[in-house]
Amino acid sequence: MTGNMEGPDFSSLPEGCISHMLSLTSPRDACRSSTVSSIFRSASESDYLWGRFLRDNYSDILSRSVSLVEYSSRKELYFRLCDSVLIDDGKMSFWLDKSSGKRCFMLSAGELRIAWGDVPQYWRWVDSTKSRFSKVAELLMVCWLEITGRFDSRLLSPKTTYVAYLVMKIYPEGYGLDHAPAELSVKLGDQLSVHPGRLKLPSIRRRRPPGPLARLSLWRNAYFEENCQADARFPVERGDGWMELELGEFYNDDGKDGEVEFSLMEVKGGDWKRGLIVDGIEIRPKKV
């Protein structure tokens, strides 16, 4: 068998044509292509290419940024936006997923609805140098734990499956957060994701021989243990020192389904709870 077994030679193509071909791939692939040849390197730097990766109108994000985002090219702007940018007077943060260019957001704890969150004996708002936001919410004492939030789906990238996470910490001296499962939910239009979840791993508690009230408490805890299904979700350590608990996922089709609704509720166990730190809710594309 005869013939040229080498791949096609793209070096003779116009740079604009190569930029267009690269725009049909991904930012990661475009960066890798810069090592192919000088014309690919030039094409991979073009404003046309990175304008395509920026996709939608980014001027709204720049206008809402707390600080000025400076850039000399669209490629530089792309990678600046891959870092977290505070917007809306520091109430939210925005960034691009580096490999795909999809939009990501995080709502601060102050943008969430926390039941009894404005009552000082139940919650307090504290400064935090370890958060991207100025303040986080610290749980002092509640038996009714309810955290909800809403987000406009039009701000998210279309045709994308997203996952919402509660970003949190638990103080070592915290208690009552491992007794009963919480209900985690995410809703967008007709989509509804509901799962049981745990704020921390259940601990083994030694008990005295139970009296009538203690037997009731034992029965209640046993009921919730039994009804915490095998698909219960648990917090996962992050690289930034926080933990994240997956609330659920949803598919954002064209952004016309209204607001995404998030919820974490633990209201059936009846145990007093303390020591939860809430940073916010993060919304980012599902990894495939």
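Helices, taken here as DSSP runs of at least four residues, are numbered from the N terminus. With that in hand, a good place to enter this predicted model is Ser65, which is found in the loop between helix H5 (59–64) and helix H6 (74–81). Ser65 counts as buried because its relative accessible area is 13%, and the cut-off for buried is under 20%. The side chain of Ser65 reaches the backbone oxygen of Ser67 at 2.5 Å. Beyond its neighbours within four places in sequence, Ser65 is in contact with Val85, Leu86 and Ile87, and these contacts will lead to the strands described further on.

A step back gives the overall picture. The protein chain holds seven helices and 14 strands. Of its 288 residues, 47% are buried. The accessible surface comes to about 15,900 Å², and carbon and sulfur atoms contribute 53% of that area. Among the contacts with a separation of 6 or more, 68% link residues 24 or more positions apart.

Helix H4 (residues 47–54) offers a view of the interior. Leu49, Trp50, Gly51, Phe53 and Leu54 of this helix are buried. Just after H4, Arg55 adopts a positive phi of about 65 degrees. The whole structure contains eight aromatic pairs. One of them joins Trp50 to Tyr78 in a tilted arrangement, 5.0 Å centre to centre with 55 degrees between the planes. Since Trp50 belongs to helix H4 and Tyr78 to helix H6, the pair ties together parts that are 28 residues apart in sequence. Both Trp50 and Tyr78 are buried, and together with Phe53 and Phe79 they form one aromatic cluster.

The contacts of Ser65 now lead on to strand S1 (residues 85–87), which pairs with strand S2 in the antiparallel sense over three bridges. In this pairing, Val85 stands opposite Phe94 in S2. Four residues lie between the two strands of the hairpin, where Asp88 takes a positive phi near 55 degrees. On to the next partner: S2 and strand S3 (residues 103–108) are also antiparallel, with five bridges, and Phe94 stands opposite Phe105 in S3. The hairpin of S2 and S3 has six residues between the strands, and Gly101 takes a positive phi near 80 degrees there.

How many residues of strand S2 (residues 92–96) are buried? Five of the five are, so the strand is largely enclosed by the rest of the structure. In a regular strand, side chains alternate between the two faces of the sheet. Both faces of S2 are covered, with Met92, Phe94 and Leu96 buried on one side and Ser93 and Trp95 buried on the other. Trp95 has a further partner in Arg132, whose charged end sits over the Trp95 ring, 5.2 Å from its centre. A similar placement involves Arg284, with its charged end over the ring of Tyr165 and 4.0 Å from the ring centre.

Another set of strands completes the tour. Five strands form an open sheet in the order S4-S7-S13-S9-S10, with antiparallel pairing. Its edges are strand S4 (113–114) and strand S10 (191–197), each of which pairs on one side only. Within the sheet, strand S7 (residues 145–152) and strand S13 (residues 259–266) run antiparallel and are joined by eight bridges. Phe151 has Val260 in S13 as its bridge partner.

Conventions:
Residues are numbered from 1 along each chain as its sequence is written. This is a predicted model: local features need pLDDT of at least 70, side-chain atom pairs count only at pLDDT 80 or more; totals for chains, interfaces and linings use all residues. Side-chain values use heavy atoms; hydrogens and water are left out. Buried means under 20% relative accessible area, exposed over 50%, partly exposed in between (1.4 Å probe, protein chains only). Contact means heavy atoms within 4.5 Å. Accessible areas come from the Shrake-Rupley method with a 1.4 Å probe; for residues, only the protein chains shown count as cover. A polar contact is a pair of N or O atoms within 3.5 Å; within protein, one must be able to donate a hydrogen and the other to accept it, and residues adjacent in sequence count only if both atoms are side-chain atoms. Rings of Phe, Tyr and Trp (its six-membered ring) pair if their centres lie within 6.5 Å; planes under 30 degrees apart count as stacked, over 60 as edge-to-face and the rest as tilted. A charge sits over a ring if NZ of Lys or CZ of Arg is within 6 Å of the ring centre and within 35 degrees of the ring normal. Two strands pair if DSSP finds at least two bridges between them.
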